[in-house]
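Visitor: I am new to this structure and should like to understand how its features are named. May I ask for the reasoning behind each term?
Guide: Certainly; let us look at the structure together.

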Amino acid sequence: MSLNWVDDPYSDFLDLPAGERPPQFYQLLELEIFCAHRERIEQAARKQFRKVKPYQEHPDRKMREAIQDVITQIARARVVLTDPEKKEDYDCALAQRLGIDRAGVLASRMATPVPEFALTITAGPTDVGNTIELLADTRVTVGRDPHCVILLHSLRLAKLHGELRHQHGRWSYTHVARDGLTLINEQRVVEKELEAGDRIEAGGYVLRFRRLTDLGKEPGSYQPPITLIVIRGPSLPDASCSAVGGERFLIGSCETALWQLAGPWVSRHHCRMEFEAKRWVVTDLRSTHGTMLNGKRVARSPVQDRDTLSIGRFEVMARLHS
Amino acid sequence: MAIESDQVVGIDLGTTFSAIAYVDSGGRVRTIPNREGELTTPSAVLIEPDRTVHVGRKALRARVKQPNRVAVAFKRDMGEKFYRETIGGREFSPEALSALVLKKLVGDATAVIPSIGGAVVTVPAYFGDARRKATQDAGRIASIEVLDIINEPTAAALANAFRQYLHRGGDTTRFELAAIATTAPSTTLVFDLGGGTFDVTIIRIEGERLDVLATGGEVRLGGIDFDVRLVTHFCDEFVRRHGIDLRDSPESLAQIQAFCEMAKITLSSRTQTVIVGERYGKQLHLPISRRQLEELTADLLARTQISVENLLEDALLTWDRIDDILLVGGASRMPVVADMLNRISGKKPNMDQAPDEIVAHGAAIHAAILHMRTSSAVSVAVDGSRTITTPEVGVEPASDTVAVPDLFDQKVVDATRKVRMTDVNSHGLGVVVRDSRENTVVNSVIIPKNTPLPTERVKVFGTEAANQRIVRLRILEGDTRDPRGCTQIGECVIRHLPKGLPKGSPVEVSFRYDTSGRIHVRAVELKHSTTAEVELVRNTGFDQVDLTRLTNAVSEIDIE
């Protein structure tokens, strides 16, 4: 096997199409031309750097030098494109060189926006861990009707529970159902403008509103998820509830509880599950009949895989997935 | 204070500067100054026409007058098999040049410690196997017993943990790393931008445990790259004004390199300076501001930033999980480094009081720890899987080492023995296999990078053809799927497979990587248990003849 490369490091290491060498910065970072999204530029530079980096110590000196040049170009692209003044100069020169109408390109792009935000289901009876990108030009409906953009499967939700709208560059949430309720950051709301990181609770689900660029960057990256399953007790609309690591939720008979266990001897705010120092912890909220962990009454205790919780007449098993 | 015999030392063998340190009987870490009275020695070697060798400041000064007789920055070429530096018409390997630096350090240190029993030498965490081997070889060539090779950031973290403990009012007369146990666990990001290499490492310290969580960096990124930008800037300007290129003359170039380095250092404390150059009676006074330097080197800094961000991503960590940022290495003194880290982390990085010595200090502490372990009659490796094992490489069995009480107070010994450290591998290890779906050869990584050591991993592959009688495994170091991006570090061959094996017969390949850097490879044809085993010891990059010849040559050289 030959250890020689074709003489174009940009196509060998970055899979860039043939063309100008070194490629112009947007092509190098595989971004749309004149992209002005700082975080995406930084992310793209990191991604391209990652691709080339392992080849940096190539045994062949010449090859190493070629790779070093690619790395330098990536670093330069990042420096130039994230500095407004330098970017302006670069863009002007580039537009002129390629004979492109920059204003035209940017105007046409406004019409087809790139998704910037997403909703992630971080707790609920089903679909936990799923992320839905939000397209700015659509009305994003939430509910259990099959026509909803975000289709959720709890009977606690209305057919059309709520919707997200994008106006003047901002997303807002509106609770549209006649019954039921929506909490945002633990406050009951009818309508609210959303901020990145907002926590929407509706019908037994938690939806996190996040910037797409922040995906995967959260502490612990949601490990380990927990699932609570009713193994004995009265029947319920949702016999299980899951949540990703980092989440917290209320268990009780109250309508505002994320996991509603309606039955005898369950207090309205019975206990809380939360994620602390990489562990799931249950805290009893001074319930009348107490929270039992493996048969013992506890005020606060870490929960392990296959532990049993007794809440009123419900016997619940905890499963932790690693 | 009486000087004890057979003391062990720690050596930071740097690209531009080196340092040597030891732990005294009371547990204090001390840098040993060289004969010129400096705490760090420039890693520069001058070989005069009469074959007199000078290492350090004098060699660095001579560079301006005799650039062809002085070698610098050879650490960057460590482990390059065919690379030779020509000095005064003779060829030298980077290992031999490094050996001369080691010899100078150890030789000067004998003024303080008459008999040196062994040394721990540091390497950048991002060094691959070949470069580590080369470093070990440099020690052999210099006739120094290399007790262990450890990573620079790990050494820095170790020294820092020790120092912080002292800072909190610990007993300065005792070496009680154990006392750190009483403080809360903390996670430190060590940002080490040295003269020639860049490392970034995340280390968790909890009680007496030090665990390296992840490591990254670049082997060829350091202060000298920043100097080069200034040199280019100045020379281009000189050409523009006078039509003369200073780079045409090695002497002028060496001089301007020295001035530019000085200017860079000045710009860390002041916002403006002047570089002066002269040739054929033409002069140039070029004022240069800190801002300008930052502009010229923005992409170099961006590279360090990308490495830091990618490392955090690899380690699944966010800035809120990092308690401290520790700046190490001379080039970290540039204010723009701390600014950048502050901007991206929201935290104030800590510059060590002695960023040039901290790595040597950590190495000295590690050497002391090893020394106490090997000298002990009692086995201390309680949880053997996670301790620093006795370094077998180049070390005699524990029995004939010196008795401990001569060297250290018993309390120092007791405390030190408790220290536990785990490191990670900076590069993946794998084997070349054929991907049958794509019909291409690929590197199948068996131990991915940033795996805590020691470790053992197993993968099963199938034979490539029916009736295959031999399986040849090429062992690679590197993280790319394409084998061309990796370095082959060994081979493991199973011969005499029984006849008539069908295609796809399972072959199990296991890699074991121990803490002292040995890699054991085992391949088993599962149906008939035909086995092949190979141990890749980080032994030497040279053959024995070369090594002996070099060792003899170096031992004959007196360093003036």
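Visitor: What makes A:Asp305 partly exposed?
Guide: The model is a predicted one, and the values are computed from it. The relative accessible area of A:Asp305 is 33%. The partly exposed class lies between the limit for buried, under 20%, and that for exposed, over 50%, so A:Asp305 is called partly exposed.

Visitor: How do you know that A:Asp305 and A:Arg319 form a salt bridge?
Guide: Their side chains meet with N to O at 2.8 Å. A salt bridge requires a side-chain nitrogen of Lys or Arg within 4 Å of a carboxyl oxygen of Asp or Glu, so the pair qualifies. A:Asp305 lies in the loop between strand S20 (300-303) and strand S21 (308-311) of chain A, while A:Arg319 lies in strand S22 (residues 314-320) of chain A, so the salt bridge ties together parts that are 14 residues apart in sequence. A:Arg319 is also partly exposed, at 26%.

Visitor: What makes B:Arg229 and B:Asp299 a salt bridge, and which parts does the pair tie together?
Guide: The closest N and O atoms of B:Arg229 and B:Asp299 are 2.7 Å apart; the limit is 4 Å, so the term applies. B:Arg229 belongs to helix H5 (residues 223-242) of chain B and B:Asp299 to helix H8 of chain B, so parts 70 residues apart in sequence are tied together.

Visitor: Why are B:Arg229 and B:Asp299 called buried?
Guide: B:Arg229 has a relative accessible area of 19% and B:Asp299 one of 5%. Buried means under 20%, so both residues are placed in that class.

Visitor: Which salt bridge crosses between chains?
Guide: One that does so joins A:Arg78 to B:Glu309, with the closest N and O atoms 3.2 Å apart. The pair runs from helix H4 (residues 61-81) of chain A to helix H8 (residues 298-314) of chain B. A:Arg78 is buried at 3%, and B:Glu309 is buried at 12%.

Visitor: Which residues are linked with A:Arg78 and B:Glu309 in a network of salt bridges?
Guide: The network also includes A:Arg38, A:Glu42, A:Arg46 and A:Arg50 from chain A, together with B:Glu313 and B:Asp314 from chain B. Over all chains, the structure holds 55 salt bridges.

Visitor: Why is A:Asp179 called exposed?
Guide: Its relative accessible area is 59%. The exposed class begins over 50%, so A:Asp179 falls within it. A:Asp179 is found in the loop between S6 and strand S7 (182-184) of chain A.

Visitor: What makes strand S4 and strand S9 of chain A edge strands?
Guide: The open sheet of five strands in chain A has the order S4-S3-S5-S6-S9, with mixed pairing. Strand S4 (150-151) and strand S9 (191-193) each pair on one side only. Within this sheet, strand S5 (residues 162-167) and strand S6 (residues 170-175) of chain A are antiparallel partners over six bridges, and A:Gln167 stands opposite A:Arg170.

Visitor: How do you know that strand S2 of chain B is largely enclosed?
Guide: Of the seven residues in strand S2 (residues 17-23) of chain B, six are buried, so the rest of the structure largely encloses this strand.

Visitor: Which strands pair with S2(B)?
Guide: Strand S1 (residues 7-12) of chain B runs antiparallel to S2(B), joined by four bridges. S2(B) also has antiparallel pairing with strand S4 (residues 41-42) of chain B over two bridges and with strand S3 (residues 29-31) of chain B over three bridges. At least two bridges are needed for pairing, so each of these strands counts as a partner of S2(B). S1(B) and S2(B) form a hairpin with four residues between them. The hairpin of S2(B) and S3(B) has five residues between the strands, and B:Gly27 in that hairpin takes a positive phi near 95°.

Visitor: What makes B:Val460 part of a nonpolar surface patch?
Guide: B:Val460, in strand S22 (residues 455-462) of chain B, has 47% relative accessibility and counts as partly exposed. Patch residues need over 30%, so B:Val460 meets that condition. With B:Val458 and B:Leu526, B:Val460 makes a patch of about 240 Å².

Note on methods:
Residues are numbered from 1 along each chain as its sequence is written. Chains are lettered from A and ligands numbered from 1 in the order in which they are written. This is a predicted model: local features need pLDDT of at least 70, side-chain atom pairs count only at pLDDT 80 or more; totals for chains, interfaces and linings use all residues. Side-chain values use heavy atoms; hydrogens and water are left out. Patches are made of residues with over 30% relative accessible area and no salt bridge: like charges are joined within 9 Å, nonpolar side chains (Val, Leu, Ile, Met, Phe, Trp, Tyr) within 5 Å. Accessible areas come from the Shrake-Rupley method with a 1.4 Å probe; for residues, only the protein chains shown count as cover. Buried means under 20% relative accessible area, exposed over 50%, partly exposed in between (1.4 Å probe, protein chains only).
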